[in-house]
Amino acid sequence: MRIFVTGATGFLGAHIANVCIDKGHEVLCLKRNLSRSLFRPEIEKKLKWVNSDIQGWESDVFTFQPDILIHAAWSGVSSLDRNGREIQRRNIELATALLKIYPYKQVIMLGSQDEYGRLDSLVDEKHDLYPVTEYGKAKIECSVLLMDYCEKNNIDWQWIRVFSIFGELQNENWLIPSIIRKCISGDTEMNATPAEQIYSYLYSLDFAEAIESMLGVRNKSGVYNLSSNQPILLKDIFLKIKEFTASSIRFNFGALPYRNGQSMYIMSDSQKFIDAFGPFQRTGFEIGLLRTIEYIKGKR
């Protein structure tokens, strides 16, 4: 199939494009002038690119004639930008424009756990939405936009509420890569919160293969949560990284306060996704963590 992927110069989009190429799909990726490719040379040579900073880029997408749009691009995901109304408004405008470029057969867009707001228990797709950030609100607005547009135009669609993901290529400002970096860099101590949150981290390859498993599936439109089914205490993640890197670092748990509205149990029931597209979690947390550590070590 011909797949148009946005966000391919970012963590999640790059993994999606990688898997799509590995599975034999033809892939067109969206970039900007300042974008930096994350792909290995053997993958790069199989990709096609379109630059959204060049006027008329939409015609290149139309010429490609994509069967499916996978929209993974989203600006303003850092904690500093999540309440920036202007940057979140631009995200909605981009999603609107992408939908109208070509008459796709299927559209997949990535949502977020932030649509639910503060979480303290296992959630499923029926859980009420209480977004507390402009980011979460914008994601919900995009999900409604996607549903309305695709149903009016008889297009299959999926809105994927993404929970915690980790793995190779993730920006080092995110939690797991930042801990790994401190451990392998020889830091002697690191301040942390009490780290009593329970997370359900899904390995990035499993995430990308889950997205690829949806391609071409008919009559399964809807909203789906995508989350690991393996809960783990955040403090145990710190200690596991320390063990796997043979670090002598001391974690000062409790030295930092939780942020306001801190979610304490971040995990969803993904049975709806499994029923529609099949099981997707194949990599245990420790195996994924070891691979991520080796990747980061290789970048030093």
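## Briefing: a pocket, paired strands and unbonded cysteines

Helix α1, which covers residues 11–22, contributes the most to the lining of the second largest pocket, giving four residues to it. The model described here is a predicted one, and this briefing takes up the pocket, then the strands that pair with one another, and finally the cysteines.

**The second largest pocket**

- The space inside the second largest pocket comes to about 230 Å³.
- The residues that line this pocket are His15, Asn18, Val19, Asp22, Leu38, Phe39, Arg40, Glu168, Leu169, Tyr203, Leu205 and Tyr295.
- When the lining residues are sorted by character, seven of them are nonpolar, two are polar and three are charged.

**Strands β1, β2 and β3**

- Strand β1 (residues 2–6) pairs with strand β2 (residues 26–31) in the parallel sense, and four bridges connect the two.
- Within this pairing, valine 5 has cysteine 29 of β2 standing opposite.
- On the way from β1 to β2 the chain passes through α1, and the β-α-β crossover made in this manner is right-handed.
- Strand β2 is also joined by four bridges to strand β3 (residues 48–51), and these two strands run parallel.
- Leucine 30 has valine 50 as its bridge partner in β3.

**Strands β8 and β13**

- In strand β8 (residues 189–192) the side chains alternate, so that Met190 and Ala192 are buried and point to one face, whereas Glu189 and Asn191 point to the other face and are not buried.
- Strand β8 runs parallel to strand β13 (residues 250–253), and four bridges join them.
- Alanine 192, one of the buried residues of β8, stands opposite phenylalanine 253 in β13.

**Cysteines without disulfides**

- A search through the whole structure finds zero disulfides.
- Cysteine 20 cannot be counted as bonded, because the closest cysteine sulfur, in cysteine 29, lies 8.8 Å from its own sulfur, which is too far for a bond, given that a disulfide requires two cysteine sulfur atoms within 2.5 Å.
- Cysteine 142 is likewise in no disulfide, and the nearest cysteine sulfur, belonging to cysteine 150, is 12 Å away.
- Cysteine 20 counts as buried because its relative accessibility is 1%, and the cut-off for buried is under 20%.
- Cysteine 142 counts as buried as well, because its relative accessibility is 1%.

Terms used:
Residues are numbered from 1 along each chain as its sequence is written. This is a predicted model: local features need pLDDT of at least 70, side-chain atom pairs count only at pLDDT 80 or more; totals for chains, interfaces and linings use all residues. Side-chain values use heavy atoms; hydrogens and water are left out. On a 1 Å grid over the protein atoms alone, a cavity is a set of points where a 1.4 Å probe fits but cannot get out, and a pocket is an open set with protein on both sides within 12 Å along at least five of seven lines; lining residues have an atom within 4 Å of a point. Grid points are joined across faces, edges and corners, and a volume is the space filled by probe spheres set on the points. Ala, Val, Leu, Ile, Met, Phe, Trp, Tyr, Cys and Pro count as nonpolar, Asp, Glu, Lys and Arg as charged, and the others, Gly among them, as polar. Buried means under 20% relative accessible area, exposed over 50%, partly exposed in between (1.4 Å probe, protein chains only). Two strands pair if DSSP finds at least two bridges between them. A crossover is right-handed if, with the strands pointing away from the viewer, the path from the first strand over the helix to the second runs clockwise.
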